[in-house]
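Here is a short set of exercises to work through with the structure open beside you. Try each task before reading its solution.

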Amino acid sequence: MKGLFEEFLIVGYNLESNQYKIMDYLNPITFNNQPPDYLQNIQIMCFTEQIDLNLQIDDLNSKNYLHQFILTDSRGVLRYCTSLVIYEKHQNKFIPYSYVLVSSYQNLIQQKHFMTSLYNGIFDHLSRYKDRGWQMDGLIMKNQHFLEYYLSLASSKIQGIYFLPKQIPRGNKQEVINDIIIDNPRIRQNLYNQDISFQALFQKLSMTSVIKLVQCIILEKQIILFSNQVWDLANIAEALLSFIYPLKWRCIYIPYLPAQLIDTLHASVPYIIGVHKNEKERVLTVIDCFDKVLVDLDQDRVIGGNVASLFPDEPVFALIKACEQFNTSYIYDPAKMMQIQGNFLKFMIRIINNFTCHFLYSEISDDFQNIEEIFQTHQYIEMFQPLEQEFYRELVNKTMMFPRFLEDAYKFMYKVQFKKQNPTDDDQVLFINIIRQLNQNSVIIINKTQKIIIDSIINDIIEKIQLQDNESDKSAHILFQDYLSKLKIKKFNDKPFPIQSIDKSKIISMDENKPKQQQIVAAPRSLLLIQQVSEQIDSESPANKALILKSVKIQKYFPSMIRSDADTIKFILNYPKSSRSTKVIKLNLKQIMISQMQKLEDCKNLTPIKSEQSQLQQSVFQEYSVRSSKKIFSPDQNGYVSMFKTKSYTSLRNQ
């Protein structure tokens, strides 16, 4: 789990210097006071409208807005940002202030929900100065007092920070507030577990336009997105890039480009850049758009990028047919959107095809200098029909995404083939495992004849995701009591609007994770004894952490799981029998230990035991491997009375 943001900024307009400036900066991890280099000019990205100091506003709420954009730092790491712009009256002038979240994780939707809650709870001009009713020890809280509390929540490692409206009782009334944290809500469900919304994309573009754009992205064309609603550009671009999985866009990526930086469009490398539609005429006049793809999101028009003739016909037709029933109502149904994602995944499987059989593996090392050392490019291209080979030559030789994908996939396969590892944190693991499943079905070239097999694999993946249960929701109203108790303060100082600074002393961790000791304090004596067993093993063998004990039912006398190695076996077999409850625990521990050891796939890799443990190693492992015996542990050994029937334990025999 991770926090919602890594950096928070307040950006305002300085009337003396007549320019925007960073007024305060918060990094809840390091608490540095100075923003890094990539945030030094963030103020030009935070506001989508030019400032007018003579502006007269009757309704301040009508001018406030939410804006999202993406930055790239000097290392090429993307930073996902959300700017909440609030107009405040300061020195008799209406000045915009921007409150900005910055995160290296793709969590724009979470940020949007959080900022909506921040606005409703603190900055809304209709409800500010309102008594929130969240009281403790006589403290009366006003809206502006909650900024540090919200930031503490968002910077803490709380699973799934989503602030959504919910009715909670307040006196004799039911009030709708935006202070509810929901863990893993259905709105986040998608095929790749990404925090992406497809609503803005499909509200503006038809499925035909989306498919054409995906083709342009795969061949790394220069793409310019125009829209009046620039705050949606980041989500639209992210949704489009999710459809080219497992490929990753490696070129210039600026979903929102301010008018001051419009010359960036002169770049000769591939890019995806979004600009305000007001700049369209200027772009068409100043920039050579002959070989560029121009996308008018407000009119659903994609001009240029004639790539359809290059693509293999059959996969494109299959994608169009699979999505022909699509309509805009699907965007409100996560299950339907997962099916759309599944259709694009099938398309990418057909396009990339069976690449793994063309790797050139080396048992010595996974280091390489260029793609030709690890991949048979010529044989891969010749695998396809003659009319399709031109497309694959361009994909392999003229794009950056595909060679980088092959490099990452090779490292993954090297770990699987030679290091006998099974990486689960790799971004491409889903796609590569699908290709491996097809290989197991003797599929050499993936075409329409494998449609049933591919459909079955994708549907199984979707069903497993949809069967995942949501976590229970937790109210920020309840967590606020913990926050105050940790602060140990008796008075909140007045904080006027506009809020121009953060009280960093009130930014504290609200993490849900608690030590194991606190989780089972109220457990029965037997579970406390199990806890002591776990602690003793950890102290004897900290590197191995041999025994993992989890109490899923508090009244049970045995843990839910044991991972066995030699240290664990020794400890369990030699634990002193001092009481009847200990005897019960010990008996169940042995039963579970045997059950878990039977499930081990590679027992030869068990941690070897020291010389003084050799007798124990011989007695335990050899007895497990005796087929004729009906007893695993003799009742004369260490006073145990456990009786078991053996089946087949040859895999555990001491070699």
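The exercises below go from a sheet to a helix and then to the nonpolar cores of this predicted model.

**Exercise 1. Work out the strand order of the open sheet, and find which strands stand at its edges.**

Solution. Step one is to trace the sheet: its 5 strands follow the order β9-β10-β8-β11-β12, with mixed pairing. Step two is to look at the ends of that order. β9 (252–254) and β12 (301–303) each have a single partner strand, so one side of each is left without a neighbour in the sheet. As a last step, follow the twist, which averages 20 degrees from one strand to the next.

**Exercise 2. Describe how β11 pairs with β8 and with β12, parallel or antiparallel.**

Solution. Begin with β8, which pairs with β11 in the parallel sense over 4 bridges. One contact to look for is Phe 226, whose bridge partner in β11 is Asp 296. Now turn to β12: 3 bridges join this strand to β11 (residues 293–296), and the two run antiparallel. Here Asp 296 has Arg 301 as its bridge partner, while Leu 294 stands opposite Ile 303. The hairpin of β11 and β12 has 4 residues between the strands, and in this hairpin Asp 300 takes a positive phi near 55 degrees. Finally, check the side chains of β11: Val 293 and Val 295 point one way, Leu 294 and Asp 296 the other way, and all are buried.

**Exercise 3. Explain why the buried residues of α8 lie on the same side of the helix.**

Solution. First pick out the buried residues of α8 (residues 313–322), namely Pro 315, Val 316 and Leu 319. Next consider their directions: they cover an arc of only 100 degrees around the axis, which puts them on the same side of α8. Then look at the other side of α8, where Phe 317 and Lys 321 are exposed. To finish, ask what the buried residues meet; they pack against α5 and α9.

**Exercise 4. Find which residues touch the most other members of the largest nonpolar core.**

Solution. The largest nonpolar core holds 158 residues, and Phe 202, Phe 355 and Tyr 380 touch the most other members. Take Tyr 380 and list its contacts, leaving out residues up to four places away in sequence: among them are Ile 351, Phe 355, Tyr 392 and Val 396. Apart from this core lies another of 13 residues, including Leu 257 and Tyr 271. Now go to helix α11 (residues 389–397), where Tyr 392 and Val 396 are among the buried residues. What covers the buried residues of α11 includes α5, α9, α10 and α12.

Notes:
Residues are numbered from 1 along each chain as its sequence is written. This is a predicted model: local features need pLDDT of at least 70, side-chain atom pairs count only at pLDDT 80 or more; totals for chains, interfaces and linings use all residues. Side-chain values use heavy atoms; hydrogens and water are left out. Two strands pair if DSSP finds at least two bridges between them. Axes are lines fitted to C-alpha atoms, for helices over the stretch in contact, and angles run from 0 to 180 degrees between N-to-C directions. Buried means under 20% relative accessible area, exposed over 50%, partly exposed in between (1.4 Å probe, protein chains only). Contact means heavy atoms within 4.5 Å. A nonpolar core is a set of buried Ala, Val, Leu, Ile, Met, Phe, Trp, Tyr and Cys residues joined through side-chain atoms within 4.5 Å. The arc is that of the directions from the helix axis to the C-beta atoms.
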